[in-house]
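Hello,

Here is the structure I said I would pass on. Please have a look, then read my notes below.

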Amino acid sequence: MSVALLWDASHLWGLLARQAMTGFGVPCRLLKAQDIAQAGLSDKISLLVVPGGSARLKYEALGEAGREAIRRFVAAGGHYLGFCGGAGLALGEPEPGLGLCPWRRARFTNRLQHQLSGPVWVRFEPSTPETAPFLPGDLSEAAIPVWWPGRFEPSDNPGDGVRVLARYAGPAAGLHVADLCLDNLPAGVLEDWQSVYGITIFPSIVGPCVIHGRFGRGTYTLSYSHLETPSSPRANAWLAALLMRHGGVTPERTSLPAWHPSVGVRWTDPTLLACREGMLELLALGREHGLLFPRTPWLVGWRAGVPGSGLNTLALAFNVLASMPPVPEVEARWKAMAADVMRRFTLFRRGTEACLLAQRLAATVPELVSSDQLAARRRGLFGSAMQGGGLYQELLDQLDELLFIQLQERN
């Protein structure tokens, strides 16, 4: 049996999931939505992994044929493992979803609740086959990572067959709210925020974190924790156990090492390296002016309103491409598109430098910079926060196709 991974609308999270499979030593077939729509889920595949990213864009990319193909795959005995946006894709109405699980995605009462990232404590349900092999001794809680998670909303039917595998138990060391690390807050501040200002941060880390159920003869496991996060031993061990149980594969290890995608260059094309270096310089500019800050070797943090997600994703794409010698098809495609990529990137870099510095100026002297003009400039460069767009999306689409071919060929 084997594992497949849905590539569309995943970007950073698709690269992270693919890196996890490589780290585990587990062969993984990358599939595009159009592959799935055209019978790409063969009977040799036992587990479909759907990474984070936009559930709506994944839903649209699959089309009705692709969505129905996944439903048939699971109903016939296949297994679905979704992280974050991939978990949301499997949920039911009213959100666009596959309807594998009758639960829905819960709404946030304020935007701040969606800005949580880092480790959270979860309490496991030890009596299920999905958790028992992973829980040594009397372990009942562990800190595992979330990156801007959504929330589950249970259905009105208590007999819907959905089992909660893990529930949130509270913040762990290193948890951030937007760019604010909770470790750095004095005692009592959160209580003060709630009593004085009416600010409640933590409804998003109460309730279910990971759920499981059946659809036909198959199963789904949906996690708002990114179990594939490198250097997260408990989360990684659980993912390894799920791969064994539902993927029919045996990982070579149960903990993933740190991932340093900016270290090492094996494709020395001068245009690619110039773009890669330009992205590293943009990240350095953001850090210098306090707009960006380090989180992990593969992820930068950002202040609210800064297009940090787009900057991080584009930098990661250039880094991963440069880290591997290109397969012939990728090298040929790059030669045909390199001049166009450089043209777009030159415009993107110039505009982003000005946009970042304008945002820094606006934080210091707000009356000097029109917030409407700044927002319009960001949209032109990066599109919307959830759906992407602009020059960023044009560049990312070009790189995404190369990454798909490159990583698929290296399986």
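Start at Trp-121, which stands opposite Gly-170 in strand 9. Keep in mind that this is a predicted model.

**Strand pairing**

The Trp-121 pair belongs to a longer contact. Strand 6 covers residues 116-124, and strand 9 covers residues 163-171. The two run antiparallel, joined by 5 bridges.

Strand 9 also pairs with strand 12, residues 208-215. That pairing is antiparallel too, over 4 bridges. One place to find it is Arg-167, whose bridge partner in strand 12 is Pro-208. So strand 9 has antiparallel pairings with strand 6 and with strand 12.

As you look along these strands, one general point helps. Side chains in a regular strand alternate between the two faces of the sheet.

**Two backbone angles**

Two loop residues are worth a look. Neither His-11 nor Ala-39 is a glycine, yet each has a positive phi.

His-11 comes first. Its phi is about 50°. Look for His-11 in the loop between strand 1 (2-6) and helix 1 (12-24). Is His-11 buried or partly exposed? Its relative accessibility is 21%. Buried would mean under 20%, so His-11 counts as partly exposed.

Ala-39 is next, with a phi of about 70°. The loop that holds Ala-39 runs between helix 2 (33-37) and strand 3 (45-50). Ala-39 has a relative accessible area of 65%. The cut-off for exposed is over 50%, so Ala-39 is exposed.

Best wishes

How values were computed:
Residues are numbered from 1 along each chain as its sequence is written. This is a predicted model: local features need pLDDT of at least 70, side-chain atom pairs count only at pLDDT 80 or more; totals for chains, interfaces and linings use all residues. Side-chain values use heavy atoms; hydrogens and water are left out. Buried means under 20% relative accessible area, exposed over 50%, partly exposed in between (1.4 Å probe, protein chains only).
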